[in-house]
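Got your viewer ready? Load the model and follow along, one selection at a time.

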Amino acid sequence: MIIDSRKYSGPCACGRSHEMATRLAVIEAGCMGELDRYLAEAGLTGRRAAVYDRNTYHAKGLIRPRVEQEIILEPRGLHANEEATGAVLEQLRPDIEVLIAIGSGTIHDTTRYCATQRGIPFVACPTAASVDGFCSTVCAMTWGGFKKTLIGQAPVLVLADLDVIKEAPAALALSGVGDILGKYTALADWKIAHVLTGEHLCPMIEELTREAVVAVHGCCRGLAGKDVASFERLTYGLLLSGLAMQLMGNSRPASGAEHHISHLIEMEPEPLGLSSPGLHGEKVGVGTAIASGVYHQLAEVEEIGPLVGEYPAITPELIRGVFGERLYDSIARENEKDCMAGVTPGVVAERWGEVRRIIGEIPTREELEGLYREIGAKATLADLEVPEEKLGQLLDYSPLVRNRLTLMRVRRMLK
């Protein structure tokens, strides 16, 4: 399967012009063996360096490309952060003209950041269908202990070799499923923000993201049997979601309340005592089920007006008490200009019917958790090794992680 992503560039019916930097995305068995040909098709020339972690370097089925430099990172404790990017930039030869990321999400975000810093293009070669950020223009980083997105660049070329991807540990593919099914609530949050504030919503990007969700929802039951067609559809969904983010210029189509729940756990704020060994997509999947349950419960209320009050301020005392000193500065900066400005109780009450209709497009918590169990994915906080009694804190404080309007953030207005 080849995605000619250039067709999405240019003026759009939404009134904006979208730019697509990714010229070609290839999802085929053995395509890594054709790297030279695809580089030429994408117009990439010059000296190359490939970035791996040591586990990926020895991955089953991997055809390692011919390059001028190989940078191999130790996988133990590896995260997309200052340490990983520093290690790559320190080793990277000054004459390298193309960076090739060969691995899963951490390697890609690290390489994307380094390519951006050096001002050179990069190529994405995912070895596991674990996340949807391969085609993104942002780097999902942990910077100073704070989970945030930094400006990056999209890959010019993507090569997803199914011979490698289908041999990756099953948990990685299930993480990819969780990351994509999270778009059910992310898209709902985006549409709700559009209804409440007029935030720009592009129907084409929304449709692309929904196509990704439908593709993955339809194929995920075949992953356990190593069905190549199922891995192809999962990878397609992940890449399509990344292309949608690239067109948008940010992660809005793909990240809402479910990601904020995941990010709060990943930040491990000391006052809350939160942590989990789960993969990012596993936490997103559970976060999606949790958000769905809350949203559908809210949708049972026909007239929300009597329950809505003024939006409570996010005070320094609140931030310090929830996130601690280590994260205080980052969270305070994130919430300086609150996205809820202008959202009044009257606006919420007046447009609640439309909000309820949007919530109806999300599968229920029971449906999502049932699917997760059927395919062997993590379904609950307990599966993530997060105590269930932490649920209230996750619901109350996860909206503060990102200054983005979600229904979970609107929920702070409820009396």
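Start with helices H6 and H8: they cross in a left-handed way. Keep in mind as you look around that this is a predicted model.

With both helices still on screen, look along their axes, which sit 9 Å apart and make an angle of about 140°. Roughly antiparallel would need an angle over 145 degrees, so H6 and H8 count as oblique to each other.

Now show the side chains where the two helices touch. From H6, pick Val177, Ile180 and Leu181; from H8, pick Ala212, Val213, Val216 and His217. Colour this contact by class and you get six nonpolar residues, one polar and no charged ones.

Next, select H8 by itself, residues 203-219. This helix has 17 residues and spans 24 Å from first C-alpha to last, close to the 24 Å expected.

Which residues of H8 are buried? Highlight Ile205, Glu206, Leu208, Thr209, Ala212, Val213, Ala215, Val216 and Cys219. To see what covers them, switch on strand E3 (17-18) and helices H6 (170-181), H7 (183-197) and H9 (228-248), which are among the covering elements.

For the last stop, jump to strand E5, residues 48-53, and click on alanine 50. Is alanine 50 buried or exposed? Its relative accessible area is 0%, so alanine 50 is buried. Beyond its neighbours within four places in sequence, alanine 50 is in contact with Val67, Gln69, Glu70, Ile71, Ile100 and Ile102. Finally, draw a distance from alanine 50 to tyrosine 38, twelve residues apart along the chain: their C-alpha atoms are separated by 16 Å.

Conventions. Residues numbered from 1 in each chain as written. Predicted model: local features only at pLDDT ≥ 70, side-chain atom pairs only at ≥ 80, totals over all residues. Heavy atoms only, no water. Helix = DSSP H or I, 4+ residues; strand = E, 2+ residues; numbered from the N terminus. Expected span 1.5 Å × (residues − 1). Buried < 20%, exposed > 50% of the residue type's maximum accessible area, 1.4 Å probe, protein only. Contact = heavy atoms within 4.5 Å. Axes fitted to C-alpha atoms, helices over the stretch in contact; angles between N-to-C directions. Parallel < 35°, antiparallel > 145°, perpendicular 65-115°, else oblique. Left-handed = near helix turned anticlockwise from the far one by under 90°. Nonpolar A, V, L, I, M, F, W, Y, C, P; charged D, E, K, R; others polar.
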